[in-house]
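Open the model in your viewer and keep the selection panel at hand. The stops below go from one selection to the next.

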Amino acid sequence: MAATATAEAARGKYAALSIAVIAIVVGLPLWWKTTETYRASLPYSEISALDTLSLLLTVPVEIVFAKGVLTVEQLRKVPSSDLTERVTQINSKTTYNRRYEIKYRRATPHEEEALAGPSPLGCDEALYQLDRGTQGSLAVYVIPESSTLLPQGSSVYIGKHRTALMKNRHLPALKAEELLTSVNQRVEQIVQATAFNDDIIKAALSDRIPIGRFSKEAYADSRSEEH
């Protein structure tokens, strides 16, 4: 009888010990896992990319050559359209790309009549009535240097209807590619005068979020300041 009681006591002790071991080995890790606070990893690289701005500014430009500016050979080699781009870096996180979508063509007979007018103001109005163009586009009419449409000593006139008159020398010995390069450089100056330039764009972007605002370190600093 005493031996039976001792065996029962030993069995109860082993059972309690087994339950304790199971609770510690299985139950404690399970409780720890199911009650811990979930902490998602933040995509810091993607968040940091939000601080990068790449701005694209597109300006459609139509360059119209009046009679007497180009030779027949030069005119034959002028393409119908062209695309030029210039990337400007404002800072390590901000860039903007100026894209000029250029179309080339000859002046129509009606446009030639307008370009033969007595004043640039009347010419500007007449050209606007003939072709109002695409909204936001700029039309640059290239006229011979011998034209009397512009006052003496003046080579460019910018009208109020996004139309510009530009004198250009007649250079028959120049290749079409070289001539277009020279014309495009002058047209770009006109575009900046009528639409946007570097100073205007930099001023418009001056109030952007500071560089590094979305970095991992900046986030940690902001959290420490809250506490």
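Select S137 first: apart from residues up to four places away in sequence, S137 touches P60 and R162. Contact here means heavy atoms within 4.5 Å. S137 sits in the loop between α5 (120-130) and β4; helices (H or I, at least four residues) and strands (E, at least two) are DSSP runs, numbered from the N terminus. Is S137 buried or exposed? S137 is buried, because its relative accessible area is 16% and buried means under 20% (exposed is over 50%, partly exposed in between, with a 1.4 Å probe and protein chains only).

This is a predicted model, in which local features need pLDDT of at least 70 and side-chain atom pairs count only at pLDDT 80 or more, while totals for chains, interfaces and linings use all residues. Residues are numbered from 1 along each chain as its sequence is written, and side-chain values use heavy atoms, with hydrogens and water left out.

**The strands**

Next, select β4 (138-144). Of its 7 residues, 7 are buried. Now add β1 (53-65): β1 and β4 pair in the parallel sense over 5 bridges, where two strands pair if DSSP finds at least two bridges between them. Two places to look at are F65, whose bridge partner in β4 is V142, and E62, whose partner in β4 is A139.

Add β6 (163-168). β6 also pairs with β4 in the parallel sense, over 6 bridges, and Y141 has L165 of β6 as its bridge partner. Then go back to β1 and show β3 (94-106). The two run parallel and are joined by 13 bridges; V61 stands opposite I102 of β3.

**The cores**

Stay on V61. Which residues is V61 in contact with, leaving aside its neighbours within four places in sequence? They are Y100, E101, I102, K103, L138, V140, V187 and V191.

V61 also belongs to the largest nonpolar core, which has 21 residues; V61, I63, F65, V140 and V187 have the most contacts inside it. A nonpolar core is a set of buried Ala, Val, Leu, Ile, Met, Phe, Trp, Tyr and Cys residues joined through side-chain atoms within 4.5 Å. β1, β3, β4, β6 and α6 each give two or more residues to this core, and α6 gives the most, with 6 residues. Apart from this core lies another, of 13 residues, among them A66, L115, A139 and L150.

**The second largest pocket**

Select D82, T84, L180, T181 and N184. The second largest pocket holds about 300 Å³ of space, and these five are the closest to its centre among its 18 lining residues. A pocket is an open set of points on a 1 Å grid over the protein atoms alone, where a 1.4 Å probe fits, with protein on both sides within 12 Å along at least five of seven lines; lining residues have an atom within 4 Å of a point. Grid points are joined across faces, edges and corners, and the volume is the space filled by probe spheres set on the points.

β2 (81-91), β3 and α6 (176-194) each supply at least two residues of the lining, and the largest share, 8 residues, comes from α6.

**The whole chain**

Finally, show everything: the protein has 8 helices and 6 strands. Of its 227 residues, 26% count as buried.
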